[in-house]
Amino acid sequence: SSRESMQYYVVPSSLLALIAAWYCLCSVRLTLLVFSFAGFGQVLGMALVAFAIGEMSAVLVVLPTLVFMLTLSAAVHLANYYRDAIHAAAEQVQSGEQSARQLPSVRALELGWWPCALAATTTVIGFASLFISQLAPVWQFGLLAGLGLSLSTLVLLCCFPAVCRLMVGDTLIRRTAEVSKARSTGDARHAHPTAIEAAGIERLLSWILRSPSGISTAGVLLLIIAVVGVFRLRTSTEFDDMFGEQSRAVQNLRWLQDNVGPLNALEFQLQFGECDDERLIERLTLLQTIAEELSASEHVTHVYSALTFLPEVSEKSGMRGTIQRSILKRKVLANVEALRASQVWSRDEQGETWRLSVRIPELRSDNFYAIRDELLARCEALVSSPAGEGSQAQMVVSGLRAVVETAHQTLLGD
C-alpha cells in the first residue's frame, strides 16, 4: 500500500510543491536552490537509516520526508532574507554604485543563521525526548531525525552563500534595480512584478491589514471547532483502520476471516513448575476443564490445544475409566515429539507448559484488555479451585497479539 501511494502521489505532490514554491518565490532559480537543499536533507535521512539500521520500519519510513520538510522550511527562511538583501543591493546599484557593498547571500546568512539554528535546536530537543521510549523504532526515530536535521541545517548554513552565488549570481540584483528604476520613471514596459515581487502579494497584505477583526474572529471560531473535535478524537492501531474499505489488503483479510477462520487469537500457557509423568492425566484433565471454560465464553469461537489431537479424558470411575486413562497416558508419552512439533506442549528444566490458542473474531484494541482479563480470570479460578489445587500451575497470557497491544500502548503513550 505504501509503495502504491508513493507511485501515485509522489510525482503529483512534488510538482504541486514546486509550483507553490515558485509562486511564492517567483524565481525558478530560488525555487531550485531551496529544493536542492531540501532534497539533500531527504537523501541524508535515507542514508542515515541505511547506515545505522539497514532497513525501514513503519516509524522510520516518514523520517526522510520529515527531514526534507524541516530543511525546506529553513531554506525558505534564508531565501526570504536573501530577497530582502537583494532589494537593498538593488537600491545601492540604482544610486550609482557599481556593485553592492556586501553580497546579498552573505547578508542573508548574517540575518538568518541565528533564527534557523534556534528553530533547528528546539526541534532537535523535541526529537531527543523520544530517547526515553522503550520501543526501539521510536528512540531510533528520535535519534536519526535529530541527527539528520542537525547535519542538514549545518550544510545549509555553511553552503548557502556559495550556492546562491553559483545558482543566482548578480542577475536578480540587476533585474530588481531595472524594475525599480522603471517604476520610478513610470515606464510601464518594465514595471511588472519581478522575480522578487510576487503578483498579488501586496493586495493580500493590504487586505490582511484592513481586516484584522474578521481574521481574528474566524481564527477563534476555527479554534473552538477544533477544541470540540478533540473530544471526538480516537486512536486506533487496527490493521483494517489504516486502509480504505475497498483496499485489497482489507478485502483479503476479511475473506480469510470469513472462509478460513478468525485471525485474532490470545495465547494462554498452562505452566507447571516441574515435570511429572505420574500426574500427566491430572494435568490433561485440568487442561480439558480450562479449554471447556474458555469455549463457553461468548467471545471465543475455537480453542486449539493438545486436546485437539487427543481423545477426551475419561472421567468415568471404575476399571473401565482407569484403563482408558492408562491407554491415553501411554499414547501421550509415546507421541511427545509430535506434540512438541505441533507447538502445543513443551518441557525443559524449568517445568512443563501446555498451550491453548484461543480464537476471538471480535478482538480489537478497544476491547483487548477487557476480554483478556475476563478469560484470564476464568482460567485462574479453575487453577485455584480444588480440581487444580496442588498442581503448582499458573496461567500466563502471551502471543503476538499481546505483544502488539503492549507495543501499541507504549507507542501511543510516547
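Which residues in H10 meet which residues in H11? Leu280, Ile281 and Leu284 are the ones on the H10 side, and they meet Arg325, Leu328, Lys329, Val332 and Leu333 of H11. Keep in mind that this is a predicted model. Let's start with the whole protein and then come back to that helix pair.

## The whole protein

The protein has 414 residues, and 34% of them are buried. Its secondary structure comes to 14 helices and five strands. Now take the contacts between residues at least 6 apart in sequence: 71% of them join residues at least 24 apart.

## Three helices

Here are three of the helices, with the span from the C-alpha atom at one end to the C-alpha atom at the other.

| Helix | Residues in helix | Expected span | Span in the model |
|---|---|---|---|
| H10 | 16 residues | 22 Å | 22 Å |
| H11 | 17 residues | 24 Å | 25 Å |
| H13 | 16 residues | 22 Å | 22 Å |

Take H11, which covers residues 318–334. At 1.5 Å a residue, H11 should span 24 Å, and the 25 Å between its end C-alpha atoms agrees with that. Its buried residues are Gly321, Leu328, Lys329 and Val332. Looking down the axis of H11, you find these buried residues within an arc of 100°, so they line one face of the helix. On the other side of H11 sit Met319, Arg320, Arg330 and Ala334, which are exposed. A bit of helix geometry is handy here: an α-helix has 3.6 residues a turn, so residues three or four places apart point the same way.

What do the buried residues of H11 pack against? They pack against helix H10 (280–295) and helix H12 (336–341).

H13 covers residues 368–383, and the 22 Å between its end C-alpha atoms agrees with the expected span. The buried residues in H13 are Phe368, Ile371, Leu375, Leu376, Cys379, Leu382 and Val383. Seen down the axis of H13, they stay within an arc of 120°, so these residues also line one face of their helix.

H10 has a longish list of partners. Its buried residues include Leu280, Ile281, Leu284, Leu287 and Leu294, along with Arg283 and Gln288. The buried residues of H10 pack against S1, strand S2 (302–304), H11, S4, H13 and strand S5 (393–398).

Back to the opening pair. How do the axes of H10 and H11 cross? They come within 10 Å and cross at roughly 90°. That makes H10 roughly perpendicular to H11.

## Trp354, in a strand

Trp354 lies in strand S4, residues 351–359. Is Trp354 buried or exposed? Its relative accessibility is 1%, so Trp354 counts as buried. Setting aside residues up to four places away in sequence, Trp354 touches Phe268, Gln269, Leu270, Phe272, Leu280, Leu284, Leu287, Ala306, Val344 and Trp345. Leu280 and Leu284 turn up again here, and both are buried residues of H10. The side chain of Trp354 also has a polar contact of 2.9 Å with the side chain of Glu352. Trp354 and Met395 are 41 residues apart in sequence, while their C-alpha atoms are 9.8 Å apart in space.

## Asn264 and Gln343, in loops

Asn264 lies in the loop between helix H9 (248–259) and strand S1 (265–272). With 15% relative accessibility, Asn264 counts as buried, because the cut-off is under 20%. Its side chain reaches the backbone oxygen of Leu363 at 3.1 Å. Leu363 is also among the contacts of Asn264 beyond four places in sequence, as are Gln257, Val358, Arg359, Ile360, Pro361 and Arg401.

Gln343 is in another loop, the one between H12 and strand S3 (345–348). Gln343 is exposed, with a relative accessible area of 57%. What about its phi angle? Phi of Gln343 is near 60°, a positive value in a residue other than glycine. For background, most residues other than glycine have a negative phi.

## Ala17, in H1

Ala17 sits in helix H1, residues 2–25. At 31% relative accessibility, Ala17 counts as partly exposed. Ala17 and Thr31 are 14 residues apart along the chain, and 9.9 Å separates their C-alpha atoms.

Definitions and conventions
Residues are numbered from 1 along each chain as its sequence is written. This is a predicted model: local features need pLDDT of at least 70, side-chain atom pairs count only at pLDDT 80 or more; totals for chains, interfaces and linings use all residues. Side-chain values use heavy atoms; hydrogens and water are left out. Helices (H or I, at least four residues) and strands (E, at least two) are DSSP runs, numbered from the N terminus. The expected span of a helix is 1.5 Å times one less than its number of residues. Buried means under 20% relative accessible area, exposed over 50%, partly exposed in between (1.4 Å probe, protein chains only). The arc is that of the directions from the helix axis to the C-beta atoms. Contact means heavy atoms within 4.5 Å. A polar contact is a pair of N or O atoms within 3.5 Å; within protein, one must be able to donate a hydrogen and the other to accept it, and residues adjacent in sequence count only if both atoms are side-chain atoms. Axes are lines fitted to C-alpha atoms, for helices over the stretch in contact, and angles run from 0 to 180 degrees between N-to-C directions. Angles under 35 degrees count as roughly parallel, over 145 as roughly antiparallel, 65 to 115 as roughly perpendicular and the rest as oblique.
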